[in-house]
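Hi everyone, thanks for coming. I'd like to walk you through one model today, so let's put it up on the screen.

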Amino acid sequence: MDRVAYDAIRSTFSVVTSIFFREIRTTGVHQVPKEDPCIFIVAPHANQFIDPGMVLISNPRHFSPLMAEASFKRKVIGTGARLLKAISVIRPQDLATKGSGKLRYDGEDTLMGFDTEFKSQVQPRDLIAVGKSIKVAVVEVISDTQIKLSAPLSEEEKAGLKDQVSYKILPHVDQSVLYEKVHARLAEHGSIVIFPEGGSHDRTEMLPLKAGFAIMALGAMAEHEQLNVKIVPIGLNYFHPHRFRSRAVISYGSPIDIDRELVEKYKQGGPAKREAIAKLMKDGYDGLKSVTVNAPNYDTLMIIAAARRLYRPAAEHKLRLDQVVELNRRFLLGYKHFQNDPRLKELERKVKAYTNTLKYFGLRDHQVERTKSTPFSALPLLLSRLMQLVFLAVVGFPALVLNSPIVVLALVISRRKQRDALAGSNVKIAARDVLATWKVLVVAVFAPAIYALYSGILFATLYARGKGLTHALSAAALSYIAQPFLHYLGVRSVENGLDVYRSIKPLMLAVGYPDAAAQLRNMRERLSDELTAFVNANGPSALPDFDPRKFEELPNRDKSAAQLHGIFDETPAILQNWLGDDRTLFNFREQSASSSSEDDDETSSNQSLS
């Protein structure tokens, strides 16, 4: 029964993700151990409850996810968690209470309270939280108005506590029961999934990892000497993570073996135990870095994405989505290696100038080559695209209207949840990590109700016109069954219409401003040559396995075909061969004023590694 329930939930998630995402690609699954107990560590946690589903549909092993106990109280999520035999985690922030009175910093490592009741409300090892950014641990409760902290405050913390402020108390949680459950599951040669960053977020790089996964692995092997626990890193790399019909790459890394020497150190306790935990945490962090893209900020990630598109050996070949993720990661490693090199800074300036020129013309990089057509050859294609756009608009408009109540509800509720999540977090930038989850949940709950309403209207109309009860009921039932498929086809028509609309811009430039189009192509050509020469000359010093010829085995990109074929011939080839707008690549969106003018629509993708 447990296996049936597990497989049923996995099948449900497969359907949901195939509808929500335009493309999902998985790499490295062959590395997953077939029998050894595994702890799958997953990052970045960019899509709240969608993330466990992505691991569920791609992982060949059955596993138990670790999930916050608060999530078990949600009707849909909680039911799924229990069916998956999820292990609940009690988080201090879920038990936070407002403290009486106010407090402030009192010098050294103490806090002074005013009208406080520390003796009855605070215990040693509890955390005192002020605002979103200050959390300090209590080591001793001296009196109702004075507590001693476990460590001196930083200057930032002192500044935040210099005046009397309100505070919350986060109680210390004994996680021994949690560890016992995990150890028992691993001892049965089972597997668990954990998100070591903690909660979900929408930052451009991973958050610091928490020690839980390392303690679980070492503790299980210390308790069961014959156990050989493997830690498997999984990278979730999203393109527009919160948007409908976006893309994702699920990357499985090499399993991490745990040295028995670390287990022995863990058993010793004290400094040796802490050393063992720190070593395994570092191994886990390095493993996750090998399957994710971690840029320090938005602007850097934009430079990396542009450079990857301009790199000639990759741009001239057809690359898969997972290869784009890997190429972005390797370009980022090279960027960090040469970030203080004047030559790189000059290249960076030129790349920014090129991308600003693209914004001025309203184009994306992959569209520049398509401006090569002469005005006479581009004009018929432009007219053809306009006719296709009108046709798709006519076909998709009814579905858009009928789906509008669901769309509006999904937008309103997800935005409200976004605001709530942002208000309660000190790590989220815009809380976009909760949007996809709530869009899916809203559609799952309200779509059947909307379809039932439309079927009811059809039944009432037919019955009122004397068609008979049986006929009206049959028609309404068929309508209810057919609506999801018809609405999905309508949505896909709208999606294709947007692709056609985006393809019109380079044709308009080729027809209306051929000289400007030629200058833009020349600018790209020169920059591509300069960037390619720099990468090929300096790549080996940053990446020992650098090989500029590795793309030669891949099929060449047929640029002429992209110019001559109609949009129906190009779809979905266009979408799978080019990655245009990377502005919301991997759990982030616009965070830079310098990029505020860039269009946020998703385009196709293109991938590889050097």
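Residues 559-610 have pLDDT under 50 throughout, pLDDT being the predictor's confidence in each residue, from 0 to 100. For that stretch the model has 194 contacts beyond four places in sequence, where contact means heavy atoms within 4.5 Å. Where pLDDT is low, the predicted coordinates should not be read in detail. For the chain, the mean pLDDT is 85, and 91% of residues reach 70 or more.

A word on ground rules. This is a predicted model, so local features need pLDDT of at least 70 and side-chain atom pairs count only at pLDDT 80 or more, while totals for chains, interfaces and linings use all residues. Residues are numbered from 1 along each chain as its sequence is written, and side-chain values use heavy atoms, with hydrogens and water left out.

Now, the annotation. An unreviewed UniProt entry places "domain: Phospholipid/glycerol acyltransferase" at residues 39-239; positions follow the numbering used here, feature names are shortened, and annotations may be inferred rather than shown by experiment. Over residues 39-239 the chain is 26% helix and 29% strand. Helices (H or I, at least four residues) and strands (E, at least two) are DSSP runs, numbered from the N terminus.

Let's look at strand 10, residues 146-149. Which of its side chains are buried? Ile-147 and Leu-149 are, on one face, while Gln-146 and Lys-148 point to the other and are not. Buried means under 20% relative accessible area, exposed over 50%, partly exposed in between (1.4 Å probe, protein chains only). Strand 10 runs antiparallel to strand 7, with 3 bridges, and Thr-110 has Lys-148 as its bridge partner. Strand 9 also pairs with strand 10 in the antiparallel sense, over 4 bridges; pairing needs at least two DSSP bridges between two strands. Here Val-138 stands opposite Leu-149, and 2 residues lie between the two strands of this hairpin.

Next, some backbone oddities. Most residues other than glycine have a negative phi, and most peptide bonds are trans. Ala-43 and Pro-44, however, are joined by a cis bond with omega about -15°. Pro-44 sits in the loop between strand 2 and helix 2, and so does Gln-48, whose phi is positive at about 40°. Gln-48 counts as buried because its relative accessibility is 16%. His-240 has a positive phi too, about 60°, and at 2% relative accessibility it counts as buried.

Finally, helix 10: 12 of its 13 residues are buried.
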